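Please look through the points below with the coordinates open beside you. They deal with how the sheets are built and how the helices are placed against them.

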Amino acid sequence: MFLKNSWYVAGWSNEIQRSLTQRWIIGEPLVLYRTQAGKVVALTDRCPHRRAALSKGNLIGDTVQCGYHGVTLDCSGACVAIPGQQQIPPSMKVRTYPVVEKWQWIWVWMGDPEAADESLIPDFRYNSEPGWVSTGGCIDVKANYQLLTDNLLDLTHETYVHTRTIGTNEIVETPMTQRVEGNEVHVQRIIKNAPPPPLFSRVRKLEGNIDRWQVIRFQPPASVTIDARAYPAGTDDLERGLRWFSVNTITPVDARTSKYYWTITRCFAQDDAEVTKTIHDSIYTTFMEDVEVLEAQQIMIDTDDSMKAEVGVRADGGSVAARRIVEKLVKQQSTALAS
Ligand code: FES
Ligand SMILES: [Fe+2]
């Protein structure tokens, strides 16, 4: 079961314009568009007449005309026209969802509109902070969203999956520390005096060994930022080092499909387009390595009828804590709905 009372990314700000776009979020179909005044609207993408997809219809002014029999709805979801009749039944309407544009993304609140609280949008300020340059993308993944958050909360896998870009042996040899703060999980690993991974050397001239920081912050249900730093070993000199935020938020499409929105936002070589391209292409390749593992893992989960429990290891700490938080919030939501 998904957390409904939550913000999910429905797309990049520049993706939603003056046309109808369909997006599925936590198993619900949405149609998104921008009004003439520039405000993004999200409505249920299911016509109240015969359930045709509204996104296949037409955007006329700020209204959506169903492409099947012409029922027309305004941006509050209310019906404003039914061809051939004056009378509009009160139930001829669709739901409208609260929408906020922030940190380059369009966020949709999937739960009770009364509970929509903008301050619950994850803190992704580095996507648009002055002095920082970001590059990113969105990857369609055939796996449950929590396989992705598990992956981001345990970077031990970098040693095995990402040897060509950000993986080194020292990662797995350095223990992580972890703490839970309210509904957030913080995981930290500081690798001292180790050779830089290949991608760091490609984008930054790092001479000799580095101290490498991986400071991870999880915000429910599925947002993870990684503050990644590399200092010349034994120093705190960022002028000669590297720092970027890996910003990740996963939108569940349904139980087995996800949209993985990501950016890497850095505070060095801001004007160097070549560096941006190298980071973009290398991180995309890196994430596709994850996707290959996770999609194969999802098939193994789906086809396992042995009922055997998974066997945990110490490095699971962060992902287990994150799953517990989501489980708690989903339980609270079910209790609230039942009362
Ligand atoms: S299904 Fe939309 S108008 Fe008939
Ligand atoms: Fe990875």
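1. Two strands are taken here as paired if DSSP finds at least two bridges between them. By that criterion, three strands of this predicted model form an open sheet in the order β1-β11-β10, and their pairing is antiparallel. The edges of this sheet are β1 (7–12) and β10 (99–102), each of which pairs on one side only. If direction is ignored, neighbouring strands in the sheet are turned by 30° against each other on average.

2. Within this three-stranded sheet, β1 and strand β11 (residues 105–109) run antiparallel and are joined by five bridges. One pair to look for on the display is G11 with its bridge partner I106, the latter lying in β11.

3. An unreviewed UniProt entry carries the annotation "domain: Rieske" for residues 7–108. Over residues 7–108 the chain is 0% helix and 43% strand, and the C-alpha atoms at the two ends of the stretch are 5 Å apart.

4. A further open sheet has seven strands, arranged in the order β12-β18-β17-β16-β15-β14-β13 with antiparallel pairing. Its edge strands are β12 (133–141) and β13 (177–181), each pairing on one side only, and the twist from one strand to the next averages 15°.

5. At one end of that order, β13 and strand β14 (residues 184–194) pair in the antiparallel sense over five bridges, and V180 stands opposite V185 in β14. Helix α1 packs on the sheet, where the strands touched are β12, β14, β15 (210–219), β16 (223–232), β17 (242–254) and β18 (257–266), and the direction of α1 makes about 160° with that of β17. Helix α6, for its part, lies across β13, β14 and β15 and runs at about 165° to β14.

6. How far apart are the axes of α1 and α6, and at what angle do the two helices pack? Helix α1 (residues 145–153) and helix α6 (residues 317–338) have axes 8 Å apart and pack at an angle of about 140°. Because angles over 145 degrees count as roughly antiparallel, the value for this pair leaves α1 oblique to α6. The crossing in which α1 passes α6 is right-handed.

7. The contact between these two helices brings Y145, Q146, L147, D150 and L153 of α1 against G318, S319, A322, R323 and V326 of α6. Sorted by class, the contact of α1 with α6 has five nonpolar, three polar and two charged residues.

8. Helix α1 also packs with helix α5 (residues 273–302), here at an angle of about 130° and with the axes 10 Å apart, which means that α1 is oblique to α5. The crossing of α1 and α5 is right-handed.

9. Which residues make the contact of α1 with α5? On the α1 side they are L147, L148 and N151, and these meet D290, L294, Q297, Q298 and I301 in α5. The residues of this contact divide into four nonpolar, three polar and one charged. L147 of α1 deserves a look on the display, since this residue is listed both in the contact with α6 and in the contact with α5.

Note on methods. Residues are numbered from 1 along each chain as its sequence is written. Chains are lettered from A and ligands numbered from 1 in the order in which they are written. This is a predicted model: local features need pLDDT of at least 70, side-chain atom pairs count only at pLDDT 80 or more; totals for chains, interfaces and linings use all residues. Side-chain values use heavy atoms; hydrogens and water are left out. Axes are lines fitted to C-alpha atoms, for helices over the stretch in contact, and angles run from 0 to 180 degrees between N-to-C directions. Helices (H or I, at least four residues) and strands (E, at least two) are DSSP runs, numbered from the N terminus. Angles under 35 degrees count as roughly parallel, over 145 as roughly antiparallel, 65 to 115 as roughly perpendicular and the rest as oblique. A crossing is left-handed if the near helix is turned anticlockwise from the far one by less than a right angle, and right-handed if clockwise. Contact means heavy atoms within 4.5 Å. Ala, Val, Leu, Ile, Met, Phe, Trp, Tyr, Cys and Pro count as nonpolar, Asp, Glu, Lys and Arg as charged, and the others, Gly among them, as polar. UniProt positions are given in the numbering used here, feature names are shortened, and annotations may be inferred rather than shown by experiment.
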